[in-house]
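Please look over the entry shown here before reading on. The paragraphs after it walk through the arrangement step by step.

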Protein chains: 2
Amino acid sequence: MARIKTENNLSRKDVIVSKAAALFREKGFKAASMRDLAESVGVEAASLYNHIKSKTELLHELCFSVANRFLHKMDEVEAEHATAIEKIEKLLRFHISEMIHHYEEVYVSDREWKHLSDPYLSNFQNQRRIYRKRFAAIIETGMRNSEIKKIDAPTAVLIMLHAISGIESWHRSTQKISAEELEENMISILVGGLIHR
Amino acid sequence: MARIKTENNLSRKDVIVSKAAALFREKGFKAASMRDLAESVGVEAASLYNHIKSKTELLHELCFSVANRFLHKMDEVEAEHATAIEKIEKLLRFHISEMIHHYEEVYVSDREWKHLSDPYLSNFQNQRRIYRKRFAAIIETGMRNSEIKKIDAPTAVLIMLHAISGIESWHRSTQKISAEELEENMISILVGGLIHR
DNA sequence: GCTTGCCCCTAACATCCGTTAGTATATTAT
DNA sequence: ATAATATACTAACGGATGTTAGGGGCAAGC
């Protein structure tokens with residue numbers, strides 16, 4: 001009988017969630033079937049239900065674990081004594097690093113959250129909206145003390161966050177520059193676009 | 001019997017394709033069913049097949065009509081006598097305008113092309129890759145004559161294109177700034193991030 | 001060595017999916 | 001008016017989907 005292999009101190013559920021992230025990223029939530037997932041885990045579809053409640057639960061876990069990491073980082077950055085530009089740079093570097101090292105989860109959380117169902121859906125949307133507001137508030141602070149040029153802050157936030165999701169293409173590309181180079185290039189262009197001169 | 005209403009000189013197929021764009025955008029290609037589409041068109045599901053060959057055909061039409069518009073614009077811009085920055089600005093303004101005025105189609109083409117099947121899939125990927133190469137080439141020209149700061153051109157392209165797809169959030173937002181303001185803000189940030197000072 | 005609890009299996013379910021067949025009705029051309 | 005064509009309908013198909021039921025084996029604790 002094929003048992004789910006666990007390494008370190010990951011639970012079997014953790015293994016399933018992680019394989020689900022890869023699968024949802026590759027095919028999309030709707031197109032990825034529980035039988036696909038079972039195969040990638042090395043088990044029959046029905047067996048998954050010894051560890052999880054439903055397919056949607058997998059999406060919950062992915063979306064909210066990602067969202068929580070970003071909200072936690074926002075708490076941290078807001079509490080620091082630093083210029084607006086420094087704060088923004090820190091947030092962006094965190095986004096970039098998350099997108100590079102936890103590609104699958106972050107991507108799924110970004111693109112597949114629509115398939116959440118209430119109350120999770122509205123909850124997630126709320127967290128997202130709040131996060132963006134806080135991000136925009138930092139930008140506005142930077143505009144008030146002339147670090148940042150006069151722009152519409154929500155628009156700037158939307159540009160930053162979506163630009164970073166472009167790292168998806170970097171992952172797929174065959175002739176990648178290094179992760180460090182990628183990060184420096186992105187920071188240079190994005191922060192460079194904000195600075196007041 | 002409920003007939004599909006056509007206006008101007010749109011064919012019934014055009015009506016279906018356009019409704020499909022809205023539906024695919026809202027729910028995603030896989031999650032949108034032909035019965036959903038039929039309802040939004042005002043007809044029974046089976047009746048759609050008097051006008052289209054398959055669900056996938058709808059996706060083909062959407063993806064390639066969008067891709068063709070962008071490739072055509074690229075031809076036009078490349079042929080112009082203008083600085084690299086001017087060319088990039090023109091391309092970006094076109095992207096922004098397309099995303100504002102043909103939101104649904106562009107969005108679907110951007111996010112749902114994975115569900116194309118070969119040979120359409122590889123064809124589409126090819127067109128996309130070529131487009132990005134041409135975009136990167138313009139940036140590299142701009143770097144050679146010092147209009148643009150030293151960056152990795154493919155990374156810059158990926159930032160630009162993904163940033164613009166953020167207009168999705170603008171469409172959903174309740175308190176929108178005007179389309180003109182949005183465009184000027186985006187150009188200011190994105191082009192500002194490239195310029196060599 | 002026996003029991004307990006965890007884990008996996010096979011089988012099956014109800015439902016939804018894209019699509020086809022066959023038929024009826026509405027529109028257009030003669 | 002009649003014939004031809006376009007377009008709609010109902011019914012049904014085969015297959016995929018998420019999930020449940022029920023039974024059996026494996027490992028740990030006594």
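What follows covers the conventions, the relation of the chains, the DNA surfaces and the domains of one chain.

This is a predicted model, in which local features need pLDDT of at least 70, side-chain atom pairs count only at pLDDT 80 or more, and totals for chains, interfaces and linings use all residues. Residues are numbered from 1 along each chain as its sequence is written, chains are lettered from A and ligands numbered from 1 in the order in which they are written, and side-chain values use heavy atoms, with hydrogens and water left out.

The two protein chains come first. A turn of 180 degrees with a shift of 0.0 Å along the axis lays chain B on chain A with an RMSD of 0.1 Å; this is the relation of a two-fold axis. In chain B, G193(B) has the C-alpha nearest that axis, at 1.8 Å. Such copies are superposed by least squares on the C-alpha atoms of residues with pLDDT of at least 70 in both. Because 100% of the interface residues of chain B are also interface residues in chain A, the copies meet through the same surface.

Next comes the DNA. A residue is near a strand if one of its heavy atoms lies within 4 Å of it. DNA strand D is surrounded by 21 residues, the closest being Y49(A), I4(B), E44(B), S47(B) and H51(B). Of the atoms of DNA strand D that come within 4 Å of the protein, 64% belong to sugar and phosphate. The surface near DNA strand D has ten nonpolar, five polar and six charged residues. In this classification Ala, Val, Leu, Ile, Met, Phe, Trp, Tyr, Cys and Pro count as nonpolar, Asp, Glu, Lys and Arg as charged, and the others, Gly among them, as polar.

Individual atom pairs add detail. Phosphate oxygens of DNA strand D lie 2.4 Å from an N or O atom in the side chain of Y49(A), and 3.1 Å from one in the side chain of R12(B). For A32(A), a polar backbone atom is 3.5 Å from a phosphate oxygen of DNA strand D.

DNA strand C has 22 residues around it, of which I4(A), S47(A), N50(A), H51(A) and Y49(B) come nearest. Sugar and phosphate make up 64% of the atoms of DNA strand C that come within 4 Å of the protein. The surface near DNA strand C has ten nonpolar, five polar and seven charged residues. H51(A) places a polar side-chain atom 2.7 Å from a phosphate oxygen of DNA strand C, and an N or O atom in the side chain of R12(A) is 3.3 Å from a phosphate oxygen of this strand. R35(B) instead has a side-chain N or O atom 2.8 Å from a base nitrogen of DNA strand C.

Within chain A, an automatic or database domain assignment gives domain 1 (12-50) and domain 2 (55-192). Their C-alpha centres lie 26 Å apart. The contact (heavy atoms within 4.5 Å) takes 14 residues from domain 1 of chain A and 15 residues from domain 2 of chain A. Together F24(A), R25(A) and F29(A) supply 48% of the area that domain 1 of chain A buries against domain 2 of chain A, more than any other three residues. Buried area here is the accessible area (1.4 Å probe) that two parts lose on being put together, summed over both.

Three salt bridges are counted between domain 1 of chain A and domain 2 of chain A, each a side-chain nitrogen of Lys or Arg within 4 Å of a carboxyl oxygen of Asp or Glu. K13(A) forms a salt bridge with E57(A), with the closest N and O atoms 2.7 Å apart.

Definitions and conventions:
Polar contact = N/O pair within 3.5 Å; in protein donor to acceptor, adjacent residues only side chain to side chain.
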